[in-house]
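Dear colleague,

Please find below the structure that I am passing on to you, together with its sequence. My notes on it follow directly afterwards.

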Amino acid sequence: FRELWRVRVGPGWSSFSVAGSRLFTQEQRGETEVVVCYHADDGAEIWVHGDETRFWEAMDGAGPRATPTLADGNLYALGATGKLSRLNPLSGEAVWQQDISDIADRQPPTWGFASSPLVTGGVVIVHAGGSGDRGLLAFDVETGELRWSAPAEADESYSSPQLATLGGKSCVLIFTNKALSIFD
């Protein structure tokens, strides 16, 4: 293997989602948390979408934790402070945004919101945690409106919801600091 190009990026824990020659990731740039699209051939920045917010934790530093999700021609990203966005993957323009910290009435967990969005059945699902009935949240992919929520029964999760079939039924799995939870 030989290195083809190298680009300096801001801090964060996100990996990459790939579509054709486009690479999508999240990073921290100063006081702005960004979703960025890079060109796979040369590392050139195609577009950047930013939110004026910064998450920082003493052991792991600054930046977003989740990886953007590509689904049905859309890009979904969850920032460490709770900004959930549906973006146009060609331009980076926001189609809609929600703040799961406000909706779930909770502060970001110890190491920030880290749930990469799961898109299925016309909703985008993320883990918010905390108490009450808004621990797992499902937003309409078209409008961004909250379609349903469920208690998470745990305060923190740094995993992403997973789609599974158990006993012939489609369900969502989420691993938290207390248990593996299954939602129908």
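**Pocket and cavities**

Strand 2 (residues 22-29) supplies the largest share of the lining of the largest pocket, namely three residues. Please bear in mind that this is a predicted model. The lining of this largest pocket comprises 13 residues, and those nearest its centre are V9, F16, T25, E27 and Y38. Sorted by class, seven residues of the lining of the largest pocket are nonpolar, five are polar and one is charged. The space in the largest pocket amounts to about 160 Å³.

In addition to the pocket, there are two cavities of 30 Å³ or more in the structure. The larger space can be introduced with its volume: the largest cavity holds about 70 Å³. Two or more residues of its lining come from each of strand 3 (32-39), strand 4 (45-51), strand 8 (74-78) and strand 9. The residues that line the largest cavity are Q26, E33, V34, V35, H49, D51, A77, L78, G79, K83, S85 and L87. By class, this lining consists of five nonpolar, four polar and three charged residues.

The second largest cavity has a volume of about 40 Å³. Its lining is made up of P109, G112, F113, A114, S115, H127, A128, D155, E156 and S157. Four of the residues lining the second largest cavity are nonpolar, four are polar and two are charged.

**R86 in strand 9**

Strand 9, already named for its part in lining the largest cavity, spans residues 83-87 and also contains R86. Is R86 buried or exposed? R86 counts as buried because its relative accessibility is 10%, and the cut-off for buried is under 20%. The side chain of R86 is joined to that of N74 by a polar contact of 2.8 Å. N74 is also among the residues that R86 contacts beyond its neighbours within four places in sequence. The others in that list are L75, Y76, E93, A94, V95, W96, V141 and E142.

**A104 in a loop**

A104 is located in the loop between helix 1 (100-103) and strand 11 (118-120). With a relative accessible area of 7%, A104 is buried, since the cut-off is under 20%. Which residues does A104 touch, not counting those up to four places away in sequence? They are A128 and R134. A128 also belongs to the lining of the second largest cavity. A104 and R8 are 96 residues apart along the chain, and their C-alpha atoms are separated by 34 Å.

**Strands 16 and 17**

Strand 16 (residues 169-175) and strand 17 run antiparallel and are joined by four bridges. The connection from strand 16 to strand 17 is a hairpin through four residues. Within this pair, F183 of strand 17 stands opposite V172.

How do the side chains of strand 17 (residues 180-183) point? They alternate along the strand. S181 and F183 point to one face and are buried, whereas L180 and I182 point to the other face and are not buried. F183, the residue opposite V172, therefore belongs to the buried face, as its relative accessible area falls under the 20% cut-off.

With kind regards

How values were computed
Residues are numbered from 1 along each chain as its sequence is written. This is a predicted model: local features need pLDDT of at least 70, side-chain atom pairs count only at pLDDT 80 or more; totals for chains, interfaces and linings use all residues. Side-chain values use heavy atoms; hydrogens and water are left out. On a 1 Å grid over the protein atoms alone, a cavity is a set of points where a 1.4 Å probe fits but cannot get out, and a pocket is an open set with protein on both sides within 12 Å along at least five of seven lines; lining residues have an atom within 4 Å of a point. Grid points are joined across faces, edges and corners, and a volume is the space filled by probe spheres set on the points. Ala, Val, Leu, Ile, Met, Phe, Trp, Tyr, Cys and Pro count as nonpolar, Asp, Glu, Lys and Arg as charged, and the others, Gly among them, as polar. Buried means under 20% relative accessible area, exposed over 50%, partly exposed in between (1.4 Å probe, protein chains only). A polar contact is a pair of N or O atoms within 3.5 Å; within protein, one must be able to donate a hydrogen and the other to accept it, and residues adjacent in sequence count only if both atoms are side-chain atoms. Contact means heavy atoms within 4.5 Å. Two strands pair if DSSP finds at least two bridges between them.
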